[in-house]
Amino acid sequence: MKKTFIATYAVLVTMSLFFIFYAIPKYTRSIPADGVEPDLLPLALCWLLLFLSGLMLVKTLLSKDDGQPSPLQGGQLLTVGRNTVALMLVMPLMHYLGFILGGIVSMIMLQLSVGQRNAITICVISITVSVGTYWVIWHILHVPLP
C-alpha cells in the first residue's frame, strides 16, 4: 500500500511542478487591465497542491509500511502513468491545434487507453465533450482559449 501512495504523491508533485513552471506561465496571457492577473488562481491552487502532496509524500516516506496489499495492481498503475504522460503531451499540442481539436485528440487517447473500441461512441463523446467544454468556458465564463 505504501508504494501506491508514494507513486500517487510523486505524480501529484510532478504535475504540480509541470503546471507551475511550464503550462501556466506559457499558456496564460496577461490582460492589461486593473485587477487580478489571470494566472493567480491556477498558480495558487498548484502551489497548494504541491505543498499538500509534498507533505503527504514526506509523511508516507517516513512512515512504516502497514503491510496491506495495494488496491491498485502494477498494470493499473501503468495505465494511470500512461494517461498522465499522454495528457502532458497533449497540452502543448493544444497550442497549435486549438482547444477543440486538442480536446478531441486527448479524449480519443483517454477512451482508447481505458478500452473503448466503438468508433461511433469515441467520436460522439470526444466531439461533444470538447465542444461543450469550449462553449461553457468561452460563452459562459468568458475565458479566452487557444
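Okay, so let's start with H4 and H5, which sit oblique to each other. By oblique I mean what is left over once angles under 35 degrees are called roughly parallel, over 145 roughly antiparallel, and 65 to 115 roughly perpendicular. This is a predicted model, where local features need pLDDT of at least 70, side-chain atom pairs count only at pLDDT 80 or more, and totals for chains, interfaces and linings use all residues. Residues are numbered from 1 along each chain as its sequence is written, and side-chain values use heavy atoms, with hydrogens and water left out.

Back to that pair. Helix H4 covers residues 99-113 and helix H5 covers residues 119-140, and they pack at an angle of about 140° with their axes 8 Å apart. Helices here are DSSP runs (H or I, at least four residues; strands are E, at least two), numbered from the N terminus. The axes are lines fitted to C-alpha atoms, for helices over the stretch in contact, and the angles run from 0 to 180 degrees between N-to-C directions. H4 and H5 make a right-handed crossing, meaning that the near helix is turned clockwise from the far one by less than a right angle; anticlockwise would be left-handed.

Who touches whom? From H4 you have Phe99, Ile100, Gly103, Ile104, Met107, Ile108, Gln111 and Leu112, and the H5 side includes Thr121, Ile122, Ile125, Ser126 and Tyr134. Contact means heavy atoms within 4.5 Å. By class, that H4 and H5 contact has 13 nonpolar residues, six polar and no charged. For the classes, Ala, Val, Leu, Ile, Met, Phe, Trp, Tyr, Cys and Pro are nonpolar, Asp, Glu, Lys and Arg are charged, and the others, Gly among them, are polar.

One residue to click on there is glutamine 111, in helix H4. Is glutamine 111 buried or exposed? Buried, since its relative accessible area is 8%. Buried means under 20% relative accessible area, exposed over 50%, and partly exposed in between, with a 1.4 Å probe and protein chains only. Skipping its neighbours within four places in sequence, glutamine 111 is in contact with Gln116, Arg117, Thr121, Ile122, Ile125 and Ser126.

Zooming out for a second. The protein has five helices and zero strands, so to speak α-α-α-α-α if you read along the sequence. The C-alpha atoms fill a box of roughly 50 × 45 × 25 Å along the principal axes. There are 146 residues, and 23% of them count as buried. Looking at contacts with a separation of 6 or more, 61% of them come from residues 24 or more positions apart.

On confidence, the mean pLDDT is 86, and 96% of the residues reach 70 or more. pLDDT, by the way, is the predictor's confidence in each residue, from 0 to 100. Among the elements, helix H2 (residues 40-62) has the highest mean, 94, and helix H3 (residues 74-97) the lowest, 81.

Now H3 against H4. Their angle is about 165°, and the axes are 8 Å apart. That makes H3 roughly antiparallel to H4. The crossing is right-handed. On the H3 side the contact includes Arg82, Leu87, Val90 and Met94, and on the H4 side it includes Leu101, Val105, Met109 and Leu110. By class, the H3 and H4 contact divides into 11 nonpolar, six polar and one charged.

Between H3 and H4, in the loop, is glycine 98. Glycine 98 counts as buried, because its relative accessibility is 13%. Its C-alpha is 31 Å from that of glutamine 76, which is 22 residues away along the chain.

Last pair: helix H1 (residues 2-27) and H3, with an angle of about 0° and axes 12 Å apart. Those two are therefore roughly parallel. Val11, Met15, Phe18, Phe19, Tyr22, Ala23 and Tyr27 in H1 meet Thr84, Met88, Met91, Pro92 and His95 in H3. This contact of H1 with H3 has 10 nonpolar, two polar and no charged residues.

Let's finish on tyrosine 27, which belongs to H1. Tyrosine 27 is partly exposed, at a relative accessible area of 25%. Beyond its neighbours within four places in sequence, tyrosine 27 is in contact with Tyr22, Met91, Pro92 and His95. And which residue is 118 positions from tyrosine 27 in sequence but 9.1 Å away in space, C-alpha to C-alpha? That's leucine 145.
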